[in-house]
Amino acid sequence: MTRSYTIVELAGIVGGKARGDESVRLTGVADLLQAKPDQVSWVSNAKFAGQINQCHAAALLVPSGFGETPMPAIICERIDRSVALLFGAFSRSAGNAIGGVHATAVVHDSAEIAKNASLGAHVVVEANASVGPHSVLHAGVFIGEGSIVGERCEFWPGVVVRDGCLICDRVVLHPNVVIGGDGLGFYFDEGCHQKVPHIGGVRIEDDVEIGACTCIDRAKIGYTRVGRGTKIDNLVHLAHNVQVGEHCMILADVTVGGSTQIGNYAVLGGAVGISDNLSIGDGVRCASGLTIVTKDIPPGATVSGFPAQAHRAELRLQASLRKVPAIAETLKDLVARVKRLEASAHDKS
Amino acid sequence: MTRSYTIVELAGIVGGKARGDESVRLTGVADLLQAKPDQVSWVSNAKFAGQINQCHAAALLVPSGFGETPMPAIICERIDRSVALLFGAFSRSAGNAIGGVHATAVVHDSAEIAKNASLGAHVVVEANASVGPHSVLHAGVFIGEGSIVGERCEFWPGVVVRDGCLICDRVVLHPNVVIGGDGLGFYFDEGCHQKVPHIGGVRIEDDVEIGACTCIDRAKIGYTRVGRGTKIDNLVHLAHNVQVGEHCMILADVTVGGSTQIGNYAVLGGAVGISDNLSIGDGVRCASGLTIVTKDIPPGATVSGFPAQAHRAELRLQASLRKVPAIAETLKDLVARVKRLEASAHDKS
Amino acid sequence: MTRSYTIVELAGIVGGKARGDESVRLTGVADLLQAKPDQVSWVSNAKFAGQINQCHAAALLVPSGFGETPMPAIICERIDRSVALLFGAFSRSAGNAIGGVHATAVVHDSAEIAKNASLGAHVVVEANASVGPHSVLHAGVFIGEGSIVGERCEFWPGVVVRDGCLICDRVVLHPNVVIGGDGLGFYFDEGCHQKVPHIGGVRIEDDVEIGACTCIDRAKIGYTRVGRGTKIDNLVHLAHNVQVGEHCMILADVTVGGSTQIGNYAVLGGAVGISDNLSIGDGVRCASGLTIVTKDIPPGATVSGFPAQAHRAELRLQASLRKVPAIAETLKDLVARVKRLEASAHDKS
């Protein structure tokens, strides 16, 4: 099970250049101070240079220009990329794929499962649904009626994709993600909230990854959409008919209200809230923390605060608010001084 | 599978009045600008009147008083209600009900399943639990020991109802909802948090609907309650012994602390937080955004902010805070002017 | 099924001292005003003394020094502890354990299941995983490849423990908890977010309890850790490589960013957010509400606000902010008075 590489092999994998003793074999990867003498480690930047003398690793990945190392090194132009490739080199093989359909999976006769798809124990695929080649549905995944799952997807246990949804290729859904629950759509009549049927679906495009327990509601009509390459963290809520563009990054605990449109390459920081029916432009960045967006945001803006405004203006505002106790003091003093001036002026007149 | 209606049939279904060519047949519904020539669409208000010339729909639902339309129309007194009924007319039949108990479901001998209830693949119903007539438990739903599920409920995959809970009639639970997990109840002793056993349950009343991944904890003793007709969004947390009244609306990401009581017809906006042991009156509205309720709220109040106060007062406060940078400037200027006045007064004396 | 105790037996169980008629038998426990004549109830403090005349309970647990009661009583030194033990005395027996492995569970040949562990219906345990003695995995729990579950754990339905995680002894995981999903780790290259493989795991130490739908991500490398005795509420997000110390208390909806370290005995209030790569000292308390921690916090501090600061300073700041409307008024008045003084000074010169 343990993989091992020569330093030259590993340099090839991570896109770097080996330096030093080429006979070194590497059997694992670990943090700088935890690495054992047969393992490889890495240093992301010069800040950690002081620690490398305490490092027992057999070899180090370092950024180009890092300087001397007491052990063999792999010099990397793009250290972030190389470290990711390094982790990949030592990760276990993809997906615990069982190959084929587990005996306990329940697949409707009308569903189409590609020959080399893997369906784990207790997976359920309902009528007219399909699962594409090389996709892996781990134990207990549910695919509802008529939903389509593309190629090379990986859905972890507990994922629920309800009926009428479209999941494109290479989509990763982490455990207990919910795609296609009904949105909160009601109208008020006769003293009660009356349901608006949700007859739309959800479309998740290529290369999207979605974190655990995130919930993406189906559209009232048409599609709720998450664009190609977008990555979403845990416990995020996207309401009905939300449209997220391509290559966005949405951090944990974000909430987006119904029918809001988000452009490409947007970044929504942790716990950001966005109201419904808004338009958030391409490349918008919403700062983590207490950012609540209540108005449209033009492309390229960085915003924060409640209601969200330009981040710099918000920082100025926050800084000025911190001065309010001092302002109150100064004002109190000033009132007394003005009173004295008035009294003195009155005496003289 | 495709349903179709004449315009007169559809007018009957949505409670409106047909106008124009009665031979038109409608085979689907779509947004105004997406609708094809055999589909019906709708216009909610006069704001969209300008777009109807670009609409290819065979017919339009419009509010009464909307005016002329280039295609046949259905005139609706209550357009929100009619659109909901329109969606219902084109929705697939309810619940993918399989009818009966799937062969892979595990039902304890002592559990009672009504004859026309539907239990999907891998459903588990434990000892002494019961499921009422016409209720649909989709694949993988779990009903714990002694829990009772009423009539015409629909629970989506991944729903967990733990032991000793009562779910009344026509309750909809979206995927991965958790009913009856233990609350966070501990006392501190000998350097450790010691568990308080939670021997109560949860009672969900008629016509409640609960969004994906929402968690409603069981009571320490007695019941955590969600009253009749209340609708709850995704990722909401109701702690142990919370009491929610009837016909409330609770938006995504709301958190309510233990034993807090919420009256009827309350509306809690997105991400609102409410402390424990509070009393929130009938008809209270808590604004979405940064609203944290830390005190009892009287009936009918609209509140916002942290700590939450009357919404109007909060709006005034927020507006005044935005002026603090200007206040600081004015104050600085004033200090200089007073200093000059003092110097001048001193010179003269 | 109904248990009953004499008052003397119950006094022994709850660690108190019986007073009054020793022939009383107690068959249940209920709130003060709900208790029936064969049930026991409790009063936590003198505040509720006025209600005990309306109480029909056969006996009451009271704190020492509480005074007279119209019915027999059990005098308790530590009333919180005794009430917890009282609830325990009337709780149903632990865990609905089925004993053994349910016929529908899918356990890999290479997995090790202790003889007296209980695996419910549709449980899945993958290759090389293990489950220790007396542990109960309720229906539908998933244990991934190579993960280790210790002794006397209880995992409720829908729990997902992915591959390569370590769960120690007496750990309770409530429904739909996710342990070991990948963190949000990407680097940007060629216009796309590229995945950083997460080759680490999660370590949950002894006596930890974790609420429903909480998500704890696996480490990029090494372990995400939750220390011994820590209790976590529902819908919490701990990102990759977070390190939580021992005996902490983390309330609902908390979000902790990647690689942040939290000391022992910390308390994180509801919905608190903590940025990544921070160090939060032992015994730190973060107030519920709008607390966002953006800097390291020294041991023992109590903080609140955004950015979080010492709680007292934050309270002063909040109080001063509430005065801003009045400050604006005073300032406006003062500007007018200074203008008059200046005019008058000008006239005289």
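## A valine between two chains

Let's start with Val178(C), a residue of strand β21 of chain C, which covers residues 178-181. Please keep in mind as you read that this is a predicted model. With a relative accessibility of 1%, Val178(C) falls under the 20% cut-off and so counts as buried.

What does Val178(C) touch, once residues up to four places away in sequence are set aside? Some of its partners belong to chain A, namely Pro175(A), Asn176(A), Ala212(A) and Cys213(A). The others sit in chain C: Val160(C), Thr214(C), Cys215(C) and Ile216(C). For a sense of distance within chain C, take Lys339(C): its C-alpha atom is 66 Å from that of Val178(C), and the two residues are separated by 161 positions in sequence.

## Chain A as a whole

Now for the wider view of chain A. Its secondary structure consists of 4 helices and 40 strands. The radius of gyration is 28 Å, while the globule rule gives 20 Å for 349 residues; chain A is therefore more spread out than a compact globule. Along the principal axes, the C-alpha atoms of chain A fill a box of roughly 100 × 75 × 30 Å.

Of the 349 residues in chain A, 58% are buried. If you look at contacts in chain A with a separation of 6 or more, 18% of them join residues that are 24 or more positions apart. The accessible surface of chain A is about 13800 Å², and carbon and sulfur atoms supply 51% of that surface. As for charge, chain A carries 31 positive and 35 negative charges, and the mean positions of the two sets lie 9 Å apart.

## Aromatic pairs

How many aromatic pairs does the whole structure hold over all chains? The search finds 9. One of these is formed by Trp42(B) and Phe87(B), an edge-to-face pair with 5.2 Å from centre to centre and 80° between the planes. Trp42(B) belongs to strand β5 (residues 39-42) of chain B and Phe87(B) to helix α2 (residues 79-90) of chain B, so this pair ties together parts that are 45 residues apart in sequence. Both Trp42(B) and Phe87(B) are buried.

A second pair to look at is in chain C. The ring centres of Tyr5(C) and Phe90(C) are 5.2 Å apart and the planes meet at 90°, so this pair is edge-to-face. Here too, distant parts of the chain are linked: Tyr5(C) is in strand β1 (residues 5-6) of chain C and Phe90(C) in helix α2 (residues 79-90) of chain C, with their positions 85 residues apart. Tyr5(C) has a relative accessible area of 11%, which makes it buried. Phe90(C), at 15%, is buried as well.

## An arginine in chain B

Is Arg225(B) buried or exposed? With a relative accessible area of 19%, Arg225(B) is under the 20% cut-off and therefore counts as buried. You will find Arg225(B) in strand β27 of chain B, which runs over residues 223-226.

Neighbours within four places in sequence aside, Arg225(B) is in contact with Arg203(B) and Glu205(B). Its contacts also include Val242(B), Gln243(B), Val244(B), Gly245(B) and Glu246(B).

## Backbone details in the loops

Which peptide bond of chain A is worth a look for its cis form? The bond from Phe306(A) to Pro307(A) is cis, and its omega is near -10°. Pro307(A) sits in the loop between β39 (302-304) and β40 (309-310) of chain A. In chain C, the peptide bond from Phe306(C) to Pro307(C) is cis with omega near -10°. Pro307(C) lies in the loop that joins β39 (302-304) and β40 (309-310) of chain C.

Two residues other than glycine have a positive phi to point out here. Ser259(A) has phi near 65°, and its place is the loop between β32 (255-256) and β33 (261-262) of chain A. Ser259(A) is partly exposed, at a relative accessible area of 29%. For Asp253(B), phi is near 75°. Asp253(B) is found in the loop between β31 (249-250) and β32 (255-256) of chain B, and a relative accessibility of 7% makes Asp253(B) buried.

Note on methods
Residues numbered from 1 in each chain as written. Chains lettered and ligands numbered in written order. Predicted model: local features only at pLDDT ≥ 70, side-chain atom pairs only at ≥ 80, totals over all residues. Heavy atoms only, no water. Rg over C-alpha atoms; globule rule 2.2 N^0.38 Å. Buried < 20%, exposed > 50% of the residue type's maximum accessible area, 1.4 Å probe, protein only. Contact = heavy atoms within 4.5 Å. Areas by Shrake-Rupley, 256 points an atom, 1.4 Å probe, with all protein chains shown as cover. Lys, Arg positive; Asp, Glu negative; His and termini not counted. Charge placed at Lys NZ, Arg CZ, Asp CG, Glu CD. Phe/Tyr/Trp six-rings, centres within 6.5 Å; stacked < 30°, edge-to-face > 60°.
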